[in-house]
Amino acid sequence: MSSLLNIESCFDLTENEYNYKKDLIIIAGPTCVGKSLLAIKLAKKINGALINSDSVQVYKDLKLLSARPSEEDMQQVPHFMYGYVESQINYSVADWLQKLNLVLNEVEEVKKTAILVGGSGLYLNAVINGLAPIPIITEENKIKSLSKLKETGIDYFREINFNIDPQFVRKNFDKHRLLRAYGVFLQTNRNMSYWHKKSREGALKKHIYPFLINLERKCIYERCELRFDEMLKKGALEEVKKLYHLNIDRSLPIAKSLGVKWLLNYLDNNISFDDAVRLSKRDTRRYVKRQITWFLHNYIPYKIINMK
């Protein structure tokens, strides 16, 4: 995929004159298939700008383990929405979508074609189909929800939420989702399942070209293992040590992300370093499998690009 001729063929540049005002290109696929490299080459060809749609690459303190593009890559073409969220923030897909709309206006102002790059299904689904119209929780109700959790403890708080919305709690039982669910109920007197049944809102009003980057699963697994070893050589453990010393809430998304979870367990002296590496690689394989399944059932590509 190194030549301009290949890029022209892959992205149908002879047939499509992508319009920076009207069009949005999505380059999606499982982790470690070469999405960013392709996106950079395409951006050079069509005067494009890359926008991150990976839920882990948003975090400022997770450069290596999120496989964020290098400084060298970022200097080649404009990159947006990489490494701007603090670790302690429970960043949601709604937060990301709101930020994306602002960034798309910035990209359009400089007359560049937006290229969305990533493999996070929730983010991509929000772009294409919008989100359930769940009201934004007031600070007052956020405080009330947190107070109820502190008063009752997590187990009883989960039971309270289960009585309000058993369907939601069966699939969403971590602390932050329970806090949000209870806050929404306090504010609206409706549970999360009610809001999720409502028609979605906020899908992007652009002509979307969703490309899917495909690679044999065995090859993805091999690439992921090699990449994780390389991350460790470059200082991934030191990266996690910084999070460890920040004493971040272990229920936050960043603490549960690939590599971070088990390296934190190693720093807690709960497991050996070798086990942390082995379990991180295992979880990455499982994540790839889930991604492939999601794309198969939830993503209708304009075109599939098969990598070798």
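**Exercise 1. Strand E1 and its neighbours**

Both faces of E1 are covered: find which residues lie on one side and which on the other.

*Solution.* Step 1: take one side, where Asp23, Ile25 and Ile27 are buried. Buried means under 20% relative accessible area, exposed over 50%, and partly exposed in between (1.4 Å probe, protein chains only). Step 2: take the other side, where Leu24, Ile26 and Ala28 are buried too. Step 3: count; six of the six residues of E1 are buried. Strands (E, at least two residues) and helices (H or I, at least four) are DSSP runs, numbered from the N terminus.

Step 4: look sideways. E1 pairs with E5 in the parallel sense over six bridges. Five bridges join E1 to strand E4 (residues 113–118), again parallel. Two strands pair if DSSP finds at least two bridges between them. Step 5: follow Ile27. Its bridge partner in E5 is Phe211, and in E4 it is Val117.

**Exercise 2. How far to trust the model**

State the mean pLDDT of the protein chain, then locate the residues where pLDDT stays under 50.

*Solution.* This is a predicted model: local features need pLDDT of at least 70, side-chain atom pairs count only at pLDDT 80 or more, and totals for chains, interfaces and linings use all residues. Residues are numbered from 1 along each chain as its sequence is written, and side-chain values use heavy atoms, with hydrogens and water left out.

Step 1: pLDDT is the predictor's confidence in each residue, from 0 to 100. The chain mean is 93, and 98% of residues reach 70 or more. Step 2: pLDDT stays under 50 over residues 1–5. The model has nine contacts (heavy atoms within 4.5 Å) beyond four places in sequence for this stretch. Step 3: where pLDDT is low, the predicted coordinates should not be read in detail.

**Exercise 3. The sheet**

Give the strand order, and explain why one side of E3 and of E6 is left without a neighbour in the sheet.

*Solution.* Step 1: the open sheet has six strands in the order E3-E2-E4-E1-E5-E6, with parallel pairing. Step 2: strand E3 (79–80) and strand E6 (303–306) stand at the edges, each with a single partner strand, so one side of each has no neighbour in the sheet. Step 3: check E3. Strand E2 (residues 48–52) pairs with E3 in the parallel sense over two bridges. The bridge partner of Leu50 in E3 is His79.

**Exercise 4. Rings and charges**

Describe the aromatic pair of Phe11 and Phe211, then the one of Tyr84 and Tyr91.

*Solution.* Step 1: rings of Phe, Tyr and Trp (its six-membered ring) pair if their centres lie within 6.5 Å; planes under 30 degrees apart count as stacked, over 60 as edge-to-face and the rest as tilted. The whole structure holds twelve aromatic pairs. Step 2: Phe11 and Phe211 are edge-to-face, 4.8 Å centre to centre, with 65° between the planes. These residues are 200 apart in the chain. Both are buried.

Step 3: Tyr84 and Tyr91 are also edge-to-face, at 5.8 Å centre to centre and 85° between the planes. Tyr84 is partly exposed, at 24% relative accessible area. Tyr91 is buried, at 15%. Step 4: add the charge. The charged end of Lys99 sits over the ring of Tyr84, 5.4 Å from its centre. The test is NZ of Lys or CZ of Arg within 6 Å of the ring centre and within 35 degrees of the ring normal.
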